[in-house]
Amino acid sequence: MSKSEFVYTTYIKTTPEKLWDALTNSEFMKQYWFGMYCTSEWKAGTPWKMQFSDGALCCSGKIIESNPPKHLVIQWLQEKDPEMKAEGPSVCVMDIEQDEGAVKLTVTHSIDKPQSKTIVGVSGGWPKVLSNLKSLLETGQAVVTRKMDCRGEAA
């Protein structure tokens with residue numbers, strides 16, 4: 001079976017611990033994820049969900065692997081968009097590595113389905129989210145502030 005995949009790598013002037021906290025702290029997340037936030041215990045096997053700023057469910061799943069502050073794997077099911085939900089769950093892998101004075105963050109989002117609408121959607125959203133995260137950690141301000149929908153488009 002053919003797979004659809006989106007990979008994004010960025011370098012952030014921070015520590016692995018601060019980046020991990022930014023990726024797993026619901027309140028901090030709202031600042032760079034357009035008011036959306038994720039909740040979980042962030043341990044393997046625990047439920048995970050992403051909610052819009054009004055509390056409506058966007059995505060759900062579970063934590064597959066968690067090795068703070070280096071590696072996180074999330075099973076990710078799009079709940080809001082019927083076409084994406086019909087594709088079934090995708091997998092999002094976040095790898096964090098110290099690299100001299102910065103931290104390398106690689107996000108790999110994939111699904112075992114060719115030409116996936118889910119991957120098209122996340123490929124529009126991840127660059128905005130991760131650019132905001134990088135800017136927020138380095139300067140204290142996010143760069144893209146307009147709301148997004150579940151396809152990564154302006155809402």
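**Figure 1. K30 and E27 share helix α2, residues 26-32, where three residues separate them, about one turn of the helix.** In this predicted model, the two side chains form a salt bridge in which the closest N and O atoms are 2.9 Å apart. The partners are covered to unlike extents: K30 is partly exposed, with a relative accessible area of 29%, whereas E27 is exposed, with a relative accessible area of 54%. Side chains of opposite charge can pair when their charged atoms come close.

**Figure 2. Within helix α4, which spans residues 117-139, E138 pairs with K134.** The two residues lie four apart in sequence, about one turn of the helix, and their side chains meet in a salt bridge with an N to O distance of 2.9 Å. Both ends of this pair fall in the intermediate class of accessibility, since E138 is partly exposed at a relative accessible area of 34% and K134 is partly exposed at 25%.

**Figure 3. E79 and K85 are joined by a salt bridge.** The closest N and O atoms of this pair are 2.8 Å apart. With a relative accessible area of 22%, E79 is partly exposed; because a residue counts as buried under 20%, this value places E79 outside the buried class. K85 likewise counts as partly exposed, at 39% relative accessibility. The pairs of E79 with K85, K30 with E27 and E138 with K134 are among the four salt bridges that the structure holds.

**Figure 4. The whole chain, as the setting for the close-up views, contains four helices and seven strands.** Followed along the sequence, these elements are arranged in the pattern β-α-α-β-β-β-β-α-β-β-α. The radius of gyration is 15 Å, close to the 15 Å that the globule rule gives for 155 residues, so the chain is as compact as a globular protein of that length. Taken along the principal axes, the box filled by the C-alpha atoms is roughly 40 × 30 × 25 Å. Of the 155 residues, 48% count as buried, and among contacts between residues at least 6 apart in sequence, 48% join residues at least 24 apart.

**Figure 5. The surface and charges of the chain complete the set of views.** The accessible surface comes to about 7,700 Å², and carbon and sulfur atoms account for 49% of that area. The chain carries 18 positive and 19 negative charges, and the mean positions of these two groups are 3 Å apart.

Terms used: Residues are numbered from 1 along each chain as its sequence is written. This is a predicted model: local features need pLDDT of at least 70, side-chain atom pairs count only at pLDDT 80 or more; totals for chains, interfaces and linings use all residues. Side-chain values use heavy atoms; hydrogens and water are left out. The radius of gyration is taken over C-alpha atoms; the globule rule is 2.2 Å times the number of residues to the power 0.38. Buried means under 20% relative accessible area, exposed over 50%, partly exposed in between (1.4 Å probe, protein chains only). Contact means heavy atoms within 4.5 Å. Accessible areas come from the Shrake-Rupley method with a 1.4 Å probe; for residues, only the protein chains shown count as cover. Lys and Arg count as positive and Asp and Glu as negative; His and the chain ends are not counted. The place of a charge is taken as NZ of Lys, CZ of Arg, CG of Asp or CD of Glu.
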